[in-house]
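Q: I should like to learn how to read the features of a protein model. Could we go through one together, step by step?

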Amino acid sequence: MELKNCTTCHRVFQYQGYGYILCPECRRTDEAQFQLVKKFLDQYPGAEGKEVFLATGVPINTLIKWVREGRLISSNAVNLGAVCDICGKPVCTGKLCPDCKKDIVKEFKESEAEDIERIEKIVPKSEGRGMKFLH
Ligand SMILES: [Zn+2]
Ligand SMILES: [Zn+2]
């Protein structure tokens, strides 16, 4: 057990050592809000953040927080106003848009020879290499 400050209400509480850093009370609220939004987005896929807020009462900042935490995913969650940390383009989940994620992988590839091998294993290049008989 570890004492931590709740990320929402900043009260000190006994952290269980896993999951989001929320006190039991905020965790309950968070979970209830999340289920509410999930239900709403199931019924109205592609709703805008403002509509979600009006229908569920869950603040847009909370929705964006969930998007950034990767909890709120997919086209269901478009138009929430979450943006990429690098280029500022809207993102559906996480902190980076797919383009910037790709760039990071590319940079990574250039700097980490070992990882090139790993990535290349996923996309085999063996086809067409060397000579072989067709029969
Ligand atoms: Zn709290
Ligand atoms: Zn980006």
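Q: Which residues of H1 are buried?
A: Some preliminaries come before the answer. This is a predicted model, in which local features need pLDDT of at least 70 and side-chain atom pairs count only at pLDDT 80 or more, while totals for chains, interfaces and linings use all residues. Residues are numbered from 1 along each chain as its sequence is written, chains are lettered from A and ligands numbered from 1 in the order in which they are written, and side-chain values use heavy atoms, with hydrogens and water left out.
A: Buried means under 20% relative accessible area, exposed over 50%, and partly exposed in between, with a 1.4 Å probe and protein chains only. Helices (H or I, at least four residues) and strands (E, at least two) are DSSP runs, numbered from the N terminus. In H1, the buried residues are Cys26, Asp30, Phe34, Val37, Phe40 and Leu41. They cover an arc of only 130° around the axis, which puts them on the same side of H1; the arc is that of the directions from the helix axis to the C-beta atoms.

Q: Which residues of H1 are exposed on the other side, and what covers the buried ones?
A: Pro24, Arg28, Lys39, Asp42 and Gln43 are exposed on the other side of H1. Covering is judged by contact, that is, heavy atoms within 4.5 Å. The cover over the buried residues of H1 includes H2 and H3.

Q: How many residues has H1, and what is its reach?
A: The expected span of a helix is 1.5 Å times one less than its number of residues. H1 has 20 residues and reaches 29 Å from its first C-alpha to its last, close to the 28 Å expected.

Q: Which residues of H2 are buried?
A: In H2 (residues 49–56), Gly49, Val52 and Thr56 are buried. Their arc around the axis is only 60°, which puts them on the same side of H2. Lys50 and Leu54, on the other side, are exposed. Helix H1 (24–43) and helix H3 (60–69) are among what covers the buried residues of H2.

Q: How do strands S1 and S2 run?
A: Two strands pair if DSSP finds at least two bridges between them. Here four bridges join S1 (residues 2–5) to S2 (residues 12–15), and the two strands run antiparallel. Glu2 stands opposite Tyr15 in S2. The strands form a hairpin with six residues between them.

Q: What is the phi of His10?
A: Most residues other than glycine have a negative phi. His10 is not a glycine, yet its phi is positive, about 65°. His10 lies in the loop between S1 and S2 and counts as exposed, at 56% relative accessibility.

Q: Which residues are the protein donors of the zinc ion (ligand 1)?
A: Donors are N, O and S atoms within 2.8 Å of the metal (3.2 Å for Na, K and Ca); water is not among the atoms, so sites may look incomplete. For ligand 1 the protein donors are Cys6 (SG), Cys9 (SG), Cys23 (SG) and Cys26 (SG), lying 2.2 to 2.3 Å from the zinc ion. Both Cys23 and Cys26 are buried.

Q: What is the arrangement of the four donor atoms around the zinc ion (ligand 2)?
A: Four donors count as tetrahedral if all angles lie between 85 and 135 degrees. Around ligand 2 the angles are 105 to 117°, which makes the arrangement tetrahedral. The protein donors are Cys84 (SG), Cys87 (SG), Cys97 (SG) and Cys100 (SG), 2.3 Å from the zinc ion.

How values were computed:
Tetrahedral: all angles 85-135°; square planar, octahedral: opposite > 155°, others 65-115°.
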